[in-house]
Amino acid sequence: EGKDSWRYKQAGAAMSMLVTTNTLQVVADVGDRRDPESLARRFLGEADIVLAEGFSQAPGPKIEVLRRALGKPPRCSEADGLIAAVCDCPEALPQLPHFALDDVGGVADFLLARSGR
């Protein structure tokens with residue numbers, strides 16, 4: 001099924017959408033508008049919250065995941081939009097809210113509170 005959307009896109013379609021009874025797949029050019037906010041507005045207009053991984057240099061609020069075992073410093077700072085950390089090393093960013101690596105509920109509650117929900 002998914003191959004059809006790619007085939008139409010490769011044939012020159014500006015955008016291709018495949019809809020089945022329980023799935024939706026969209027294949028489209030994103031050009032130079034590849035930041036999460038632009039993509040969310042274009043494709044996910046009805047979403048309340050959009051989580052994007054791998055956009056540490058893009059503008060917008062960020063939550064960084066850090067593991068002590070990796071021994072790497074944080075990639076982002078508050079100046080970059082960092083709002084919280086999910087980590088096993090709370091000393092890394094003591095001025096920000098912290099969540100344990102397995103605290104999915106805490107992160108979700110934090111995001112909902114920030115969004116006014």
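**Before the close-ups: one definition.** A salt bridge here is a side-chain nitrogen of Lys or Arg within 4 Å of a carboxyl oxygen of Asp or Glu. Keep that cut-off in mind for the first view. Also remember that this is a predicted model.

**View 1. Glu 64, a buried residue without a salt bridge.** Let's start with Glu 64, which sits in strand β3, residues 62-66. Which side chain of opposite charge is nearest to Glu 64? That would be Arg 75, at 5.4 Å. A salt bridge has to be within 4 Å, so Glu 64 and Arg 75 don't make one. The side chain of Glu 64 does reach the backbone nitrogen of Cys 76, at 3.0 Å. Leaving aside neighbours within four places in sequence, Glu 64 is in contact with several residues, including Pro 73, Pro 74, Arg 75 and Cys 76. Leu 82, Ala 84, Ala 85 and Val 86 are also among its contacts.

**View 2. The whole protein, for orientation.** Zoom out for a moment and you'll find three helices and five strands. How do these elements run from the N terminus on? The order is α-β-β-α-β-β-β-α. The protein has 117 residues, and buried ones make up 25% of them. Take the contacts between residues at least 6 apart in sequence: 14% of these join residues at least 24 apart. The accessible surface comes to about 8,600 Å², and 53% of that belongs to carbon and sulfur atoms.

**View 3. A nonpolar patch on the surface.** Here you're looking at Met 15, Met 17, Val 19, Leu 24, Val 26, Val 30, Phe 43, Leu 44 and Val 50, which together have about 750 Å² of accessible area. Two elements give two or more residues each to the patch: β1 (15-19) and β2 (24-28). Which element supplies the largest share? It's β1, with three residues. Another member to look for is Leu 44, in the loop between α2 (36-43) and β3. Leu 44 has a relative accessible area of 42%, so it is partly exposed.

**View 4. A salt bridge in helix α2.** How many salt bridges does a search of the whole structure find? It finds two, and this is one of them: the side chains of Arg 41 and Glu 37 meet at 2.9 Å, N to O. Both residues lie in helix α2, four residues apart, which is about one turn of the helix. Is Arg 41 buried or exposed? With a relative accessible area of 52%, Arg 41 is exposed.

**View 5. A salt bridge between two loops.** Now find Glu 91 and Arg 68, whose side chains meet at 2.6 Å, N to O. Glu 91 is in the loop between β4 (82-87) and β5 (98-99), while Arg 68 is in the loop between β3 and β4, so the pair ties together parts that are 23 residues apart in sequence. Arg 68 counts as partly exposed, at 46% relative accessibility. Why can side chains like these meet? Opposite charges can pair when the charged atoms come close.

**View 6. Ala 13, in the loop before β1.** Last stop: Ala 13, which lies in the loop between α1 (2-10) and β1. Its relative accessibility is 23%, so Ala 13 counts as partly exposed. How far apart are the C-alpha atoms of Ala 13 and Val 27? They are separated by 9.3 Å, with the two residues 14 apart along the chain.

Terms used: Residues are numbered from 1 along each chain as its sequence is written. This is a predicted model: local features need pLDDT of at least 70, side-chain atom pairs count only at pLDDT 80 or more; totals for chains, interfaces and linings use all residues. Side-chain values use heavy atoms; hydrogens and water are left out. Buried means under 20% relative accessible area, exposed over 50%, partly exposed in between (1.4 Å probe, protein chains only). Lys and Arg count as positive and Asp and Glu as negative; His and the chain ends are not counted. A polar contact is a pair of N or O atoms within 3.5 Å; within protein, one must be able to donate a hydrogen and the other to accept it, and residues adjacent in sequence count only if both atoms are side-chain atoms. Contact means heavy atoms within 4.5 Å. Accessible areas come from the Shrake-Rupley method with a 1.4 Å probe; for residues, only the protein chains shown count as cover. Patches are made of residues with over 30% relative accessible area and no salt bridge: like charges are joined within 9 Å, nonpolar side chains (Val, Leu, Ile, Met, Phe, Trp, Tyr) within 5 Å.
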